[in-house]
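Colleague: I would like to learn how to read side-chain contacts in a structure like this one. Could we start with the charged groups and then turn to the rings?

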Amino acid sequence: MMVFWKKNKLFLVYAVLLAVAFACTGSEYERLKDKELARNVRYDSLFLGLKFGMTKKEFFKHCWDLNKAGVLSNGPSSLSVQYRLDSTQLRAGAYMWFYPEFKDDKIVKMPIKFTYREWAPWNQQLSSDSLLFDVTRMMEKWYGGRFIEVKSNTDDRIVKVKIDGNRRIRLFKESISTIRADITDLKELEKELANTEKP
């Protein structure tokens, strides 16, 4: 046994350190989520005056008012709203498309897509790598604080995450030209998960 320990001491020390490192990294998101939910503080603000808890009627009226003011327009699909971001917000003009998810007629999640207006396969400086960096910086200005990087539990993609109280923001590359963002009310998500786990 002593011979085994002497020969493999370095290997075992590395294995233990590696296991600890993976355990800490894997739980960083959970620790952040638990800490923010324990604060019991609500952040309902989304963007452009939209917020969690708005009814469908309130959402449509708000978007209609912004449409009349020239701020918003119809997106590329029947259920999407388009907001044009200019070069003061990102490095180049971009489209931001969104449409909320409702639960009991109230906004609980806001999926968003971003793409540069002038993106093309030969225009690599406007690919999703650059766009992810720019959208992250923009959202840090909008909401304050910093994003952390975590590995998705459904695939191998890296996801940037920011949590403030009940509001979770996730950013990730969806395609070579598109960034996806999800802004979710974690309190509602936790309720939903609790209900699905019941026998």
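Modeller: Let us begin with a network, bearing in mind that the model is predicted: salt bridges link Lys113, Arg170, Glu174, Arg180 and Asp182.

Colleague: What is the general idea, and which parts of the chain does the salt bridge of Arg170 and Asp182 link?

Modeller: Side chains of opposite charge can pair when their charged atoms come close. Here Arg170 and Asp182 meet at 3.3 Å, N to O, and the pair links distant parts of the chain, with Arg170 in strand β8 (residues 167-173) and Asp182 in strand β9 (residues 179-185), 12 residues apart. Asp182 counts as buried, because its relative accessibility is 3%, under the 20% limit.

Colleague: How are Lys33 and Glu30 separated in helix α1?

Modeller: Lys33 and Glu30 are three residues apart in helix α1 (residues 2-38), and are therefore separated by about one helical turn. They form a salt bridge whose closest N and O atoms are 3.3 Å apart; Lys33 is buried at 11% relative accessibility, whereas Glu30 is partly exposed at 36%.

Colleague: And the rings: why is the pair of Tyr95 and Trp97 described as stacked?

Modeller: A pair of aromatic rings is described by the distance of the centres and the angle of the planes. The centres of Tyr95 and Trp97 are 5.5 Å apart and their planes lie at 15°, so the pair is stacked, the cut-off being under 30 degrees. Arg117 also lies over the face of Tyr95, 5.8 Å from the ring centre.

Terms used: Residues numbered from 1 in each chain as written. Predicted model: local features only at pLDDT ≥ 70, side-chain atom pairs only at ≥ 80, totals over all residues. Heavy atoms only, no water. Phe/Tyr/Trp six-rings, centres within 6.5 Å; stacked < 30°, edge-to-face > 60°. Lys NZ or Arg CZ within 6 Å of the ring centre and 35° of its normal. Salt bridge = Lys/Arg side-chain N within 4 Å of Asp/Glu carboxyl O. Helix = DSSP H or I, 4+ residues; strand = E, 2+ residues; numbered from the N terminus. Buried < 20%, exposed > 50% of the residue type's maximum accessible area, 1.4 Å probe, protein only.
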